[in-house]
Amino acid sequence: MTLLVSEYVNERFIERSIYEDGVDRPRVPKNFPTFEDWYRDRVDGDIVWDVVEEVREEPLMA
């Protein structure tokens with residue numbers, strides 16, 4: 001579950017979303033970047049820049 005935790009979503013929210021009834025719909029946190037901010041930081045012309053976290057080979061599916 002810790003793979004789902006980020007600066008925007010904590011572990012308690014994920015637990016409540018899975019195990020408790022009546023949890024509110026997910027909310028966008030106040031510090032979540034706007035699309036304009038994301039776009040300005042990552043797009044240069046028609047190229048989108050982002051960080052590659054891992055490169056791995058996946059097995060072929062039959």
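The accessible surface of the protein amounts to about 6600 Å², and carbon and sulfur atoms account for 54% of that area. The coordinates behind this value come from a predicted model, so every figure below is best read as a computed property of that model. Of the 62 residues in the protein, 3% are buried. The radius of gyration is 17 Å, whereas a compact globule of 62 residues would come out near 11 Å. Along the principal axes, the C-alpha atoms occupy a box of roughly 45 × 40 × 20 Å.

The secondary structure consists of 2 helices and 2 strands. Read from the N terminus, these elements follow the order α-α-β-β. Helix α1 covers residues 11-19, and helix α2 covers residues 35-42. The loop between α1 and α2 contains P29, a residue that is partly exposed at 24% relative accessibility. A handy sense of scale for this part of the chain comes from P29 and R16: the two are 13 residues apart in sequence, and their C-alpha atoms are 17 Å apart in space.

Aromatic contacts give helix α2 much of its interest here. The model contains 2 aromatic pairs. One of them joins F35 and W38 in a stacked arrangement, with 5.9 Å from centre to centre and 25° between the planes. The label follows from the angle, because planes under 30 degrees apart count as stacked. Both F35 and W38 belong to helix α2, where a spacing of 3 residues places them about one turn of the helix apart. F35 is exposed, with a relative accessible area of 55%, while W38 is partly exposed at 31%.

F35 also takes part in a pair with Y39, again with 5.9 Å between the centres, but here the planes make an angle of 40° and the pair is tilted. This angle falls in the tilted class because stacked pairs need planes under 30 degrees apart and edge-to-face pairs need over 60. F35 and Y39 both sit in helix α2 as well, 4 residues apart, which is about one turn of the helix. Y39 has a relative accessible area of 42% and is partly exposed. Taken together, the ring pairs tie F35, W38 and Y39 into a cluster.

The three aromatic residues of this cluster, F35, W38 and Y39, reappear in a wider surface feature. Together with V48, they form a nonpolar patch on the surface with about 420 Å² of accessible area. Helix α2 is the main contributor to the patch, supplying 3 residues. Membership of a patch requires over 30% relative accessible area, so W38 at 31% qualifies on this count. Y39 at 42% meets the requirement too, because it also lies above that cut-off.

Charged side chains provide another set of contacts, with 6 salt bridges in the structure. One of these brings together E20 and R12, with a distance of 3.2 Å from N to O. Both partners are partly exposed: E20 has a relative accessible area of 34%, and R12 stands at 45%. This contact belongs to a broader arrangement, since R12, E15, R16 and E20 are linked in a network of salt bridges. R16 is thus a member of that network as well as the residue used above for the distance to P29.

Further along the sequence, D50 forms a salt bridge with R42, and the closest N and O atoms are 3.8 Å apart. D50 is exposed at 55% relative accessible area, whereas R42 is partly exposed at 27%. Because a salt bridge calls for a nitrogen within 4 Å of a carboxyl oxygen, the contact between D50 and R42 at 3.8 Å is counted. E58 and R56 form another salt bridge, with 2.7 Å between the closest N and O atoms. In this pair E58 is partly exposed, at 49% relative accessibility, and R56 is exposed, at 58%. The exposure labels of E58 and R56 fall on opposite sides of a boundary, because exposed means over 50% relative accessible area.

Key:
Residues numbered from 1 in each chain as written. Predicted model: local features only at pLDDT ≥ 70, side-chain atom pairs only at ≥ 80, totals over all residues. Heavy atoms only, no water. Buried < 20%, exposed > 50% of the residue type's maximum accessible area, 1.4 Å probe, protein only. Phe/Tyr/Trp six-rings, centres within 6.5 Å; stacked < 30°, edge-to-face > 60°. Patch = residues over 30% accessible without salt bridge, like charges linked within 9 Å, V, L, I, M, F, W, Y side chains within 5 Å. Areas by Shrake-Rupley, 256 points an atom, 1.4 Å probe, with all protein chains shown as cover. Rg over C-alpha atoms; globule rule 2.2 N^0.38 Å.
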